[in-house]
Amino acid sequence: MSTLEIKDLYAHVETKDGIKPILKGATLTVNSGETHAIMGPNGSGKSTLAYTLAGHPKYVVDSGQVLLDGQDLLAMTPDERAKAGLFLAMQYPVEVPGVSMTNFLRTAKTEIDGKAPSLRTWAKELGEAMKRLKMDPKFASRSVNEGFSGGEKKRAEVLQLELLKPKFAILDETDSGLDVDALRIVSEGVNRAKEANQFGILMVTHYTRILKYIKPDIVHVFADGHFVKTGGPELADELEESGYDQYLPEGSDSESALA
Ligand SMILES: Nc1ncnc2c1ncn2[C@@H]1O[C@H](COP(=O)(O)OP(=O)(O)OP(=O)(O)O)[C@@H](O)[C@H]1O
Ligand SMILES: [Mg+2]
């Protein structure tokens, strides 16, 4: 049983126009086996939260704490955070030309486990995981995400999730851009991985359609850099009906949140 605690987190990014505060007191606790859905307007800071947890150097923490089983995650480098059990499926997965998927996955697995997986079982595990995600075996020899379609990139993220077996997985819009079949395949991959490893999930999404496949225990509204409301699965339907205007700061609306 593991716990990820985010406590009153404030973070900013430096832009050419100066400092832009983005996270403004984000507080959340996730336990193993729990699925939390995070919904909120564009530009409210959901991806920033994901990147800050993973250790993206652009996002500077001003105050607050993040603890993984009591360990100070913010004091760790991004690779140490991954080794501690944190996984991020990015909203826009990065292309890495020149590094093949197989090399990347095997290196990541070796680093996370502290030892290289045995060649025979690894090849079998990788092949089976790709098959279940309906990925053509040819993807194994292609460069990481290079030239992948939007949906193929999302499948590749879930492939990593299945193989790396983290304690906590942040899925940043893993459902965006997927066709109906891919949405089911990707969701089944997440559910399979969760069943096998009972990790905690933070799932950022704009749509209730994925929540039909990956059932959240808790739904949060994230607006203006922090969590503003928490509820059960019914909150997601409510949001789809009424939008986010009631959660936005006075004088703004979903449109101006983009400004
Ligand atoms: N590197 C950066 N430089 C400048 N501004 C940034 C940077 N990163 C984030 N921001 C700004 O911070 C705000 C939050 O962005 P973020 O990507 O976290 O939002 P989001 O909630 O994930 O939105 P979406 O639902 O559209 O994915 C936005 O206004 C964005 O433009
Ligand atoms: Mg985002």
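Biologist: In this predicted model, what makes serine 47 and glutamine 91 count as buried or exposed?

Modeller: The term buried is kept for a relative accessible area under 20%, and both serine 47 and glutamine 91 are placed in that class.

Biologist: What makes Ser47 and Gln91 donors to the magnesium ion, ligand 2?

Modeller: A donor has to be an N, O or S atom within 2.8 Å of the metal; OG of Ser47 and OE1 of Gln91 lie at 2.0 to 2.1 Å, and therefore both atoms qualify as donors. The pair links distant parts of the chain, since serine 47 belongs to helix H1 while glutamine 91 sits in the loop between strand E6 (86–89) and strand E7 (96–100), 44 residues apart.

Biologist: Why is the approach of histidine 206 to ligand 1 called a polar contact?

Modeller: The cut-off for a pair of N or O atoms is 3.5 Å, and an N or O atom in the side chain of histidine 206 is 2.8 Å from an oxygen atom of ligand 1, so the pair meets the criterion. By the same kind of reasoning, the side chain of asparagine 42, at 2.9 Å from a ligand 1 oxygen, and that of glutamine 91, at 3.1 Å, qualify because both values fall within 3.5 Å. As for cover, the protein takes up 72% of the 640 Å² of accessible area that ligand 1 has on its own.

Biologist: Which element supplies the largest share of the shell around ligand 1?

Modeller: Helix H1 does, with three residues, and strand E1 (3–15) and strand E2 (18–31) are also among the elements that each supply at least two.

Technical notes. Residues are numbered from 1 along each chain as its sequence is written. Chains are lettered from A and ligands numbered from 1 in the order in which they are written. This is a predicted model: local features need pLDDT of at least 70, side-chain atom pairs count only at pLDDT 80 or more; totals for chains, interfaces and linings use all residues. Side-chain values use heavy atoms; hydrogens and water are left out. A polar contact is a pair of N or O atoms within 3.5 Å; within protein, one must be able to donate a hydrogen and the other to accept it, and residues adjacent in sequence count only if both atoms are side-chain atoms. Accessible areas come from the Shrake-Rupley method with a 1.4 Å probe; for residues, only the protein chains shown count as cover. Helices (H or I, at least four residues) and strands (E, at least two) are DSSP runs, numbered from the N terminus. Donors are N, O and S atoms within 2.8 Å of the metal (3.2 Å for Na, K and Ca); water is not among the atoms, so sites may look incomplete. Buried means under 20% relative accessible area, exposed over 50%, partly exposed in between (1.4 Å probe, protein chains only).
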